[in-house]
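Here is a report on the model shown below. It moves from single residues to helix packing and then to backbone geometry.

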Amino acid sequence: MDPPGYNCFVDRDKMDAAVQDLGPKELSCTEPQELKQLARQGYWARSYALRGKVYQRLIRDIPCRTVTPDASVYSDIVGKIVGKHSGSSLPLPEFVDNTQVPSYCLNPRGEGAVRKILLCIANQFPDVSFCPALPAVVALLLHYSADEAQCFENACRILACNDPSRKLVDQSFLAFESSCMTFGDLVNKYCQAAHKLMVAVSEDVLQVYADWQRWLFGELPLSHFARVFDVFLVEGYKVLYRVALAILKFFHKVRAGQPPESDSVKQDIRTFVRDIAKTVSPEKLLEKAFAIRLFSRKEIQLLQMANEKALKQKGITVKQKRFYLQCEGHEPTLLLIKTTQKEVCGAYLSTDWSERNKFGGKVGFFGTGECFVFRLQPEVQRYEWVVIKHPELTKPVSSEAPAAPSPPCRPVSSDPADRLSPFLAARHFNLPSKTESMFMAGGNDCLIVGGGGGQALYIDGDLNRGRTGHCDTFNNQPLCSENFLIAAVEAWGFQDPDTQ
């Protein structure tokens, strides 16, 4: 038997290990019901060449806008958009929301091609504002495309689907967020045991469910994701809900009664999905998915529409831009948050957010005792560093400690509590524990102000949800409703004019 004819973007060794190719086959059926059964059975998954042909056929049959970019458009624009940059150095479009591009079995050339295709898609679809699933879709399609232009055309047809009853991928933050809410509703109805576990082990179960698309479009290995995609192209969006529910059921079965492997159940699920091949085959995953007696497609659409309406009424319609890029280079910064309940709170943050990069991608605390948190609505309240009001908690490190810098700082006095300024980092103080010096921290998944026994402010990576509670650093009360949705975020930065 001849080896499969992999394209130039695929790592042959990885592909051979990930997907067993049993030789070429033909697919002659055209009846939707028969296609549905063959997709679920994995008929064309047994042949690399056949899967590529079937993808072409299924995507060609998607009803699309009258003017949909095709392969010739890609050939015309790719040089202008990419220029002389190498594929690996190309930035990702903003609408993918800093999503990592899964490589699956692509070689370095293939990984670079995915970035080129995504940038060209962004050029042709200015109305797509939020689509974190797209990198995984493009990466998968590239395995089975003759060239970049064909992959581009197929991805464009998926985005340009104009059949109102056939939703394929979310293309706005509103659609994505309402899908997350809908998934949470489905979990509560169809996975009650898993839901109880999520509620018990997570501080905010909605943040766990907001990750559901990442399980499918990014964490699933190619052997599983390609099988899901086979069925998805035939049956549509409902398949995604089915598979994500099945993942949660398997996770609950494997982890029930076991202690969490990390501090975050969200991370535990990601790890489980990444390693799912160790415990669950693609066949078992789909079997479990289709054993769930789910709402009809129409009922799910109505539920989705109701969730979209609820989000619009709360003022949540667009993705808030991450403010790290806007804030870096400014010191201090003022953070203001307005919740959907019209509460207003925030924080004064002493240190440039670029300091977070010193922790090698991990979330670590930094900042100084200048930081404080506050509430403006419904009433005004300010909470300073606990050491300022309770200097007995600390004393200078030693007489050999570095002297406090000349301004800005307090003048040295005979009172030991006044010898070091809150402008200094916490390392200049002897504190009973680190919890009194957790000023600010940030990563791709969250932003934190205050720590120890809780967090004064915790905001998720989308700047959409948050929570607040007492923390040791500021000895504060909750700044607003303990779990809240964000209607607006503002960050004000300041610079010393002498340093500009």
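## Arg 12 and the start of the chain

Arg 12 is partly exposed, with a relative accessible area of 45%. The model is a predicted one. Arg 12 belongs to helix H1. Leaving aside residues up to four places away in sequence, Arg 12 touches Pro 4 and Tyr 6. Its C-alpha lies 8.7 Å from that of Leu 106, although 94 residues separate Arg 12 and Leu 106 in sequence.

## The chain as a whole

The protein chain holds 18 helices and eleven strands. It has 500 residues, and 51% of them count as buried. About 23800 Å² of the protein chain is exposed. Carbon and sulfur atoms supply 50% of that area. Which share of the contacts with a separation of 6 or more comes from residues 24 or more positions apart? The share is 70%.

## Helix H6, an enclosed element

How many of the ten residues of helix H6 are buried? Ten of the ten are, so helix H6, residues 134-143, is largely enclosed by the rest of the structure. The cut-off for buried is under 20% relative accessible area. The buried residues of H6 begin with Leu 134, Pro 135, Ala 136, Val 137 and Val 138. Ala 139, Leu 140, Leu 141, Leu 142 and His 143 complete the list.

Several helices contribute to the cover. Among them are H1 (12-18), H3 and H5 (108-124). H7 (148-159), H11 (212-219) and H12 also cover buried residues of H6. Helix H1, which holds Arg 12, is thus named again here as part of the cover of H6.

## Two helices against H12

Two packed helices are described by the angle between their axes and the distance between the axes. The table gives both values for two pairs.

| Helix pair | Angle between axes | Distance between axes |
|---|---|---|
| H3 and H12 | about 30° | 10 Å |
| H6 and H12 | about 95° | 11 Å |

Take H6 with H12. Their angle of about 95° makes H6 roughly perpendicular to H12. On the H6 side, the contact uses Ala 136, Val 137, Leu 140, Leu 141 and His 143. On the H12 side, Leu 222, Phe 225, Ala 226 and Phe 229 take part. The residues of this contact divide into eight nonpolar, one polar and no charged.

Now take H3 with H12. H3 spans residues 48-60 and H12 spans residues 222-235, and they pack at about 30°. That makes H3 roughly parallel to H12. H3 passes H12 in a left-handed crossing. H3 brings Arg 51, Tyr 55, Leu 58 and Ile 59 to the contact. These meet Ala 226, Arg 227, Phe 229, Asp 230, Leu 233 and Val 234 in H12. Here the division is seven nonpolar, no polar and three charged.

Ala 226 and Phe 229 of H12 appear in the contact with H3 and also in the contact with H6.

## A buried glutamate

Is Glu 177 buried or exposed? Glu 177 is buried, with a relative accessible area of 2%. Glu 177 lies in helix H8, residues 173-190. Not counting residues up to four places away in sequence, Glu 177 touches Leu 311, Asn 464 and Arg 465.

## Backbone geometry in loops

Next come the cis peptide bonds. One joins Glu 331 and Pro 332, with omega about 5°. Pro 332 sits in the loop between helix H17 (324-327) and strand S1 (333-339). Another cis bond runs from Gln 377 to Pro 378, with omega near 10°. Pro 378 is placed in the loop between strand S3 (372-377) and strand S4 (381-384).

Positive phi values come next. Tyr 104 is not a glycine, yet its phi is near 50°. Tyr 104 lies in the loop between helix H4 (71-82) and H5. At 13% relative accessibility, Tyr 104 counts as buried.

Asn 475, also not a glycine, has a positive phi of about 45°. Its loop lies between strand S10 (465-467) and strand S11 (483-493). Asn 475 counts as partly exposed, at 41% relative accessibility.

How values were computed. Residues are numbered from 1 along each chain as its sequence is written. This is a predicted model: local features need pLDDT of at least 70, side-chain atom pairs count only at pLDDT 80 or more; totals for chains, interfaces and linings use all residues. Side-chain values use heavy atoms; hydrogens and water are left out. Helices (H or I, at least four residues) and strands (E, at least two) are DSSP runs, numbered from the N terminus. Buried means under 20% relative accessible area, exposed over 50%, partly exposed in between (1.4 Å probe, protein chains only). Contact means heavy atoms within 4.5 Å. Accessible areas come from the Shrake-Rupley method with a 1.4 Å probe; for residues, only the protein chains shown count as cover. Axes are lines fitted to C-alpha atoms, for helices over the stretch in contact, and angles run from 0 to 180 degrees between N-to-C directions. Angles under 35 degrees count as roughly parallel, over 145 as roughly antiparallel, 65 to 115 as roughly perpendicular and the rest as oblique. A crossing is left-handed if the near helix is turned anticlockwise from the far one by less than a right angle, and right-handed if clockwise. Ala, Val, Leu, Ile, Met, Phe, Trp, Tyr, Cys and Pro count as nonpolar, Asp, Glu, Lys and Arg as charged, and the others, Gly among them, as polar.
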